[in-house]
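The following exercises are intended for a reader who is new to this structure. Each task is followed by a solution in steps.

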Amino acid sequence: MSGRELFSRPRRNRRGAALALFFAGVLAAGAVTGTLPERGQDRENEAAQRSEPTSAARHEAVRRAAAEAMAAGESPTEAAERAVSRSGDRWAAVYSSGEYAEFQEALDGEYTGVGLWARRTRDGRIEVTRVQPGSPAAGAGIRRGDGLRSVDGRAVDGLPVTETVSLLRGDAEGATAGTPVTLGLSRGERAWRLTLHRARLSTDSVTVTHPVSGVAVVRVAAFTKGSADAVRGAVRRAPADTGIVLDLRGNSGGLVTEAVSTASAFLDGGLVATYDVDGAQRALHAASGGDTARPLVVLVDGGTMSAAEMLTGALQDRGRAVVIGSRTFGKGSVQMPTDLPDGSVAELTVGHYRTPLGHAVDGRGITPDLDAGAGALERAETVLTGLGDPS
């Protein structure tokens with residue numbers, strides 16, 4: 001299990017909070033347009049949906065529960081959480097206003113922290129896996145492989161990575177840039193403590209490497225603002241005889257606008273996905289002018305979720321990429337937010353999306369064309385060679 005400061009979540013148990021798909025931002029902005037003709041195979045489902053409460057009615061029920069609790073001097077957020085739990089919506093979540101704003105800030109490409117990525121080892125220790133250049137952690141000389149033993153005096157051995165990351169960010173106290181945090185660290189036989197000051201940092205969600213000649217690996221950790229521009233830039237800068245490995249392993253999703261725009265880097269228009277809201281079918285389309293000739297492999301695993309699965313399904317169904325790895329997570333639902341009386345936000349599922357060929361993703365995931373485990377990247381390099389010269 002691994003994590004980083006950017007995508008830490010509140011420690012309260014909100015079902016689906018860690019996996020919320022931000023279709024909401026696209027829908028609220030009106031950027032998703034186009035209505036598809038009704039498909040025969042969907043009519044029975046749509047009839048069933050008409051007999052159930054609409055998404056507007058379910059949102060209103062949660063708002064009403066929060067308002068009644070507030071009028072009675074009780075916690076509106078807790079009342080909303082109870083209403084969401086009763087709904088049986090496994091992907092629904094309730095956020096405080098601060099938590100929701102923080103998550104949106106992260107998707108905008110910035111976060112507050114010290115610049116550490118971490119993972120939990122098999123024996124429960126927390127190990128630094130990456131240090132962001134230019135961050136407070138980098139300035140203090142922390143290195144990849146260092147052990148993180150404590151945060152502000154609290155031992156982190158055995159804690160989930162998400163909770164450790166929350167401590168680093170200071171989520172519980174609403175820590176801002178400039179606030180101090182004291183870390184207990186180890187490196188071999190050496191153990192020491194140091195105090196850092198949190199800073200506003202860029203998420204740097206896209207990285208590019210060239211492991212062998214003729215291959216560019218473009219890793220997208222999450223679809224934050226600007227991710228698609230970074231991917232397009234990497235494709236443009238790659239020499240004409242270079243194949244692309246789009247590495248989406250561990251990508252938990254993000255902004256759907258960015259995922260669709262990333263698809264546009266490799267497609268010349270056409271369908272990316274369809275989705276429904278209360279049975280009404282809509283579509284997402286790629287822009288024209290993408291690079292359709294360059295060999296492309298997509299790497300996925302069980303941590304590939306949401307918008308990353310949508311992108312993978314589009315490139316696979318459209319015959320644009322060979323997908324290598326293991327079955328993806330299976331998060332294909334669409335959430336929309338609603339504001340509650342105390343400023344908190346509830347996200348409820350309003351529908352599900354499908355790949356261009358009509359395959360449902362939620363609960364099923366995407367099956368790769370070629371199974372691969374630890375050697376997925378090496379296999380991708382071999383496949384790219386087999387795909388031939390893009391010229």
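Two residues are in contact when heavy atoms lie within 4.5 Å. The model used in these exercises is predicted.

**Exercise 1. The pairing of two helices**

Task: Determine which residues of helix 8 and helix 9 meet, and how the two helices are oriented to each other.

Solution.

Step 1. From helix 8, the residues S227, A228, V231 and R232 take part; they meet E258, S261 and T262 of helix 9. Sorted by class, this contact comprises two nonpolar, three polar and two charged residues.

Step 2. Two packed helices are described by the angle between their axes and the distance between the axes. For helix 8 (residues 227-237) and helix 9 (residues 256-264), the angle is about 15 degrees and the axes are 8 Å apart.

Step 3. An angle under 35 degrees counts as roughly parallel. Helix 8 and helix 9 are therefore roughly parallel to each other. The crossing of helix 8 past helix 9 is right-handed.

Step 4. Burial under 20% relative accessible area is the criterion for a buried residue. Eight of the nine residues of helix 9 are buried, and the helix is mostly covered. Among them are E258, S261 and T262, the residues of helix 9 that meet helix 8.

**Exercise 2. The open sheet**

Task: State the strand order of the open sheet of six strands, and identify which strands stand at its edges.

Solution.

Step 1. The order of the strands is 11-12-13-16-17-20, and the pairing is mixed.

Step 2. Strand 11 (206-209) and strand 20 (370-371) each have a single partner strand, so they stand at the edges, and one side of each lacks a neighbour in the sheet.

Step 3. Strands of a sheet pair through backbone hydrogen bonds, either parallel or antiparallel. Strand 11 joins strand 12 (residues 215-220) in the antiparallel sense, over four bridges. In that pairing, V206 has V220 of strand 12 as its bridge partner.

Step 4. Two helices pack on the sheet. Helix 10 (residues 307-317) touches strand 13 (243-247), strand 16 (296-300) and strand 17 (322-325), and its direction makes about 145 degrees with that of strand 16. Helix 11 (residues 376-387) touches strand 12, strand 13, strand 16, strand 17 and strand 20; with the direction of strand 16 it makes about 160 degrees.

**Exercise 3. Two loop residues with positive phi**

Task: Establish whether D152 is buried or partly exposed, and whether S306 is buried or exposed.

Solution.

Step 1. D152 is located in the loop between strand 6 (147-151) and strand 7 (154-155). Its phi is near 50 degrees, a positive value in a residue other than glycine.

Step 2. The relative accessible area of D152 is 43%, and the residue is partly exposed.

Step 3. S306 belongs to the loop between strand 16 and helix 10. Although S306 is not a glycine, its phi is positive, at about 55 degrees.

Step 4. S306 has a relative accessibility of 0% and counts as buried.

**Exercise 4. The surroundings of W192**

Task: Describe where W192 lies and which residues it is in contact with.

Solution.

Step 1. W192 is part of strand 9 (residues 190-197). With a relative accessible area of 15%, W192 is buried.

Step 2. Apart from neighbours within four places in sequence, W192 is in contact with D146, L183, G184, L185, S186 and R187.

Step 3. Between W192 and R149 there are 9.6 Å, C-alpha to C-alpha, while the two are 43 residues apart in sequence.

Terms used
Residues numbered from 1 in each chain as written. Predicted model: local features only at pLDDT ≥ 70, side-chain atom pairs only at ≥ 80, totals over all residues. Heavy atoms only, no water. Axes fitted to C-alpha atoms, helices over the stretch in contact; angles between N-to-C directions. Parallel < 35°, antiparallel > 145°, perpendicular 65-115°, else oblique. Left-handed = near helix turned anticlockwise from the far one by under 90°. Nonpolar A, V, L, I, M, F, W, Y, C, P; charged D, E, K, R; others polar. Pairing = 2+ DSSP bridges. Buried < 20%, exposed > 50% of the residue type's maximum accessible area, 1.4 Å probe, protein only.
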